[in-house]
Amino acid sequence: TLTFALSGPEIQRSAKVSVVAKVSVVAFATTLTFALRWISGPLREIARGCTRIANGDTSYRLSQISKVQDEFADVVAGVNCMADRFQQSEEDLQQKVRERSDQLLRSQRLANVGFLAAGVAHEVNTPLAGISSYTQMLLSGADASDPRTRLLEKIEQQTFRAARIVSGLLNLSRPAAMDASETTTCDWNAIVTDVVTLLEHQFDMQRVKVRRELSGEPVLVTGV
């Protein structure tokens, strides 16, 4: 059996080494704990902010975690910039949804008006055709000097006018062409005349006088 005996100076050196090692371990552990707290705290704040933004609160912004311009400040600035873009995209999307909703609502209203106009036009067209036919039959054998002939002519004129109104209603009920490449040529004078004819009764009811000054030649326009 071998036995080693340490002298007094060696024992003191060993004790000093042991104390230094213990102090180093404690200092390292303390430093590591503070470092983890310094890192984990801001990371938790950033994670909570990102989660809040991801859940739909795009108006939320992270506050500056660090007083100095370090990596955490860069991360916070990046997250806030991302939130700004998210909020702008959300506002743009909501605006587009509102515009699309308004367009769909107007299209639905126009479709309803067209459907109603088509139904009214078809219901009126049948008796109107009968009135016009009977009036023309009576006029074919009527005496020009008979005062009732003038009344029959007025009836015929009004049936023609009603027929033009029905034709306008049917044109209103037809869906417009969606292809912008499909164009047609129209006479502007005829369009104005049709519009005034459709609104003539309302003008009379409101005692509105309309003066038309149309060109003697057809005014051709091209439209979709």
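## Leu199 in helix 4

Leu199 is a residue of helix 4. In this predicted model, Leu199 counts as partly exposed because its relative accessibility is 31%, a value between the limits of 20% for buried and 50% for exposed. Along the sequence, Leu199 and Ile165 are separated by 34 residues, while their C-alpha atoms lie 9.3 Å apart in space.

Leu199 also takes part in a nonpolar patch on the surface. Membership of such a patch requires over 30% relative accessible area, and the 31% of Leu199 therefore meets that requirement.

## The nonpolar surface patch

Which residues make the nonpolar surface patch? Trp188, Ile191, Val195, Leu198, Leu199, Val219 and Val221 form it, and its area is about 510 Å². Helix 4, which spans residues 188-205, provides five residues, the largest share of the patch.

## Asn189 and its surroundings

Asn189 is likewise found in helix 4. Is Asn189 buried or exposed? Asn189 counts as buried because its relative accessibility is 10%, and the limit for that class is under 20%.

When residues up to four places away in sequence are not counted, Asn189 touches Leu214, Ser215, Glu217, Pro218 and Val219. With Ser215 there is also a polar approach: a polar atom of the Asn189 side chain lies 3.0 Å from the backbone oxygen of Ser215. Val219, one of the residues touched by Asn189, is also one of the residues of the nonpolar surface patch.

## Arg207 in the loop after helix 4

Arg207 is placed in the loop between helix 4 and strand 2, the latter covering residues 220-223. The backbone of Arg207 has a phi near 55°, which is a positive value in a residue other than glycine. With a relative accessibility of 77%, Arg207 counts as exposed, since that class begins over 50%.

## The largest nonpolar core

In soluble globular proteins, nonpolar side chains tend to be buried together. Here the largest nonpolar core comprises seven residues, namely Ile46, Ile53, Leu62, Phe72, Val76, Val79 and Ala83. Helix 1 (8-54) and helix 2 (71-140) each contribute at least two residues to this core. Helix 2 accounts for four residues, the largest share.

Asn80 also lies in helix 2. Asn80 is classed as buried because its relative accessible area is 14%. Apart from neighbours within four places in sequence, Asn80 is in contact with Arg61 and Leu62. Leu62 is itself among the residues of the largest nonpolar core, and Asn80 thus has a contact with a member of that core.

## The chain as a whole

How many helices and strands does the protein chain contain? Its secondary structure consists of four helices and two strands, which follow one another along the sequence in the pattern α-α-α-β-α-β.

Of the 224 residues in the protein chain, 15% are buried. The accessible surface amounts to about 18,000 Å², and carbon and sulfur atoms hold 60% of this area. Among contacts with a separation of 6 or more, 65% join residues 24 or more positions apart.

Terms used:
Residues numbered from 1 in each chain as written. Predicted model: local features only at pLDDT ≥ 70, side-chain atom pairs only at ≥ 80, totals over all residues. Heavy atoms only, no water. Patch = residues over 30% accessible without salt bridge, like charges linked within 9 Å, V, L, I, M, F, W, Y side chains within 5 Å. Areas by Shrake-Rupley, 256 points an atom, 1.4 Å probe, with all protein chains shown as cover. Salt bridge = Lys/Arg side-chain N within 4 Å of Asp/Glu carboxyl O. Buried < 20%, exposed > 50% of the residue type's maximum accessible area, 1.4 Å probe, protein only. Core = buried A, V, L, I, M, F, W, Y, C linked by side-chain atoms within 4.5 Å. Polar contact = N/O pair within 3.5 Å; in protein donor to acceptor, adjacent residues only side chain to side chain. Contact = heavy atoms within 4.5 Å.
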